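Work through the exercises below with the sequence and the structure in view. Each task is followed by a solution in steps.

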Amino acid sequence: MMKQCWRWFGPQDPITLSQLHQVGVEGIVTALHHIPPGAPWDEETIAARQSLLRNAGFEWDVVESLPVSETIKTQSAGINDHIDAYKASLRAIAACGIKTVCYNFMPVLDWTRTELRAPQSHGGVAMLFDLTDFAVFDLHILGRRGASESYPEEVHEAATARFGQMTDAQKQTLQRNVTAGLPGANDQWSVEEVRALLETYDGITAHRLRAHLIDFLAEVAPVAQDLGLRICCHPDDPPFSLLGLPRVMSNAADYAAVLDTVDLPANGATLCTGSLGVASDFDGPAFVRRHGSRIHFAHLRNTTRIAGSDPKMPSFFEAAHLEGDTDMIGTVRALIAEQIRRKSEGRNDWQIPMRPDHGQELLRDLGGHSTPGYPLIGRMRGLAELRGIMAASA
Ligand code: DNO
């Protein structure tokens, strides 16, 4: 079995730790969400959070995320202090005995959806990304310079027609949904603020962003290696460029470029089947066969591409864990096979922590009491289904 973990957002999370024993959770994925990117984590604060978890009967298995600041991603003034802070955080995390640290390298936006609660035929709701709605935001609400070059003509036309029919309330909801993945989400972001954030990437091509990621890893991966830590990069979600921003961790080849260049076991991947699986050429079992020894953490989630949408930038919704386009059974089997391979090599990190990433809101989840994507019952259903595959694959 993989280690069955659960993302918990800290004391503010409406889902309490004591509930998680009934869900069958074995370990916790969390972060010190109140510490801003670029500031160091200290041992005392980590240990305090750890004892909170231990008192509830859990270990802190994975840090998600130790965020990489925009200053590091853009290599702007103050970068050395931010890199030092990142290394100090890694030392503090290692001193507390936590081994796995997840991060991402997406400029400005983290995950992006246009609808946070799209009704499903079974009565529950799911998160959804619709390219036309996204183009409405980009072209007509944000009014980004150069936005029209980002979309095929049909999408541009459809977006203009849709915008013409939208009420002010619908426009505001769209803006709120799209900006929910921005740093410090939950606050309302103004279009001026979003434009200012985007300008910080003027002139940063994908080629340059990858070089920045490699520079960052060349600094921090050796530190992680010496400390006995595993750091793992989460893929871009969705796996294509948005708002003209570069994205460099969208497929297996992107991972190969980064893992091979900074070739240390500590420098690894977070396999997120939900993010990578939006691309029609994603092959989960092949990803595991290629990068298995460096997969330090897995987010297991499924998506369905919406029929007729753009092949390069598909619209999609978050499906039930075994129902989307990704071969979940094959991917989990490959991960279990990877664990067996590690055991035979005598690796003590043979067990890969996983979490049911996201879930549809079902039954008593409905009404929006939890963080979008992180309801109790929907994730419990996902974990139960994934547990079944793991048990049958062992
Ligand atoms: C979305 C998550 C991401 C992920 C970070 C990792 O729900 O999968 O926010 O945690 O990108 O750094």
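**Exercise 1.** State how many residues of domain 1 and of domain 2 are in contact, and give the bounds of both domains.

Solution. Contact means heavy atoms within 4.5 Å. By that rule, 23 residues of domain 1 touch 24 residues of domain 2. The bounds come from an automatic or database domain assignment: domain 1 is 3–113 + 204–309 + 316–393, and domain 2 is 115–196. Their C-alpha centres are 25 Å apart.

The model is predicted: local features need pLDDT of at least 70, side-chain atom pairs count only at pLDDT 80 or more, and totals for chains, interfaces and linings use all residues. Residues are numbered from 1 along each chain as its sequence is written, and side-chain values use heavy atoms, with hydrogens and water left out.

**Exercise 2.** Find the area buried between the two domains.

Solution. Buried area is the accessible area (1.4 Å probe) that two parts lose on being put together, summed over both. Domain 1 and domain 2 bury about 2100 Å², with 66% of it on carbon and sulfur atoms. On the side of domain 1, Trp 111, Arg 113 and Leu 243 lose the most area to domain 2, together 32% of what that side buries.

**Exercise 3.** Which side chains meet in a salt bridge?

Solution. The term requires a side-chain nitrogen of Lys or Arg within 4 Å of a carboxyl oxygen of Asp or Glu. Between domain 1 and domain 2 the count is 1 salt bridge. Glu 361 and Arg 117 form a salt bridge through their side chains, at 3.0 Å from N to O.

**Exercise 4.** Which residues are closest to the ligand?

Solution. A residue is near the ligand if one of its heavy atoms lies within 4 Å of it. The ligand is surrounded by 15 residues, and the closest are Glu 64, Ser 65, Asn 104, His 358 and Tyr 374. Next, take the distances to an oxygen atom of the ligand: a side-chain N or O atom of Ser 65 is at 2.5 Å, one of Asn 104 is at 2.9 Å, and a polar side-chain atom of His 358 is at 2.5 Å.

Notes. A polar contact is a pair of N or O atoms within 3.5 Å; within protein, one must be able to donate a hydrogen and the other to accept it, and residues adjacent in sequence count only if both atoms are side-chain atoms.
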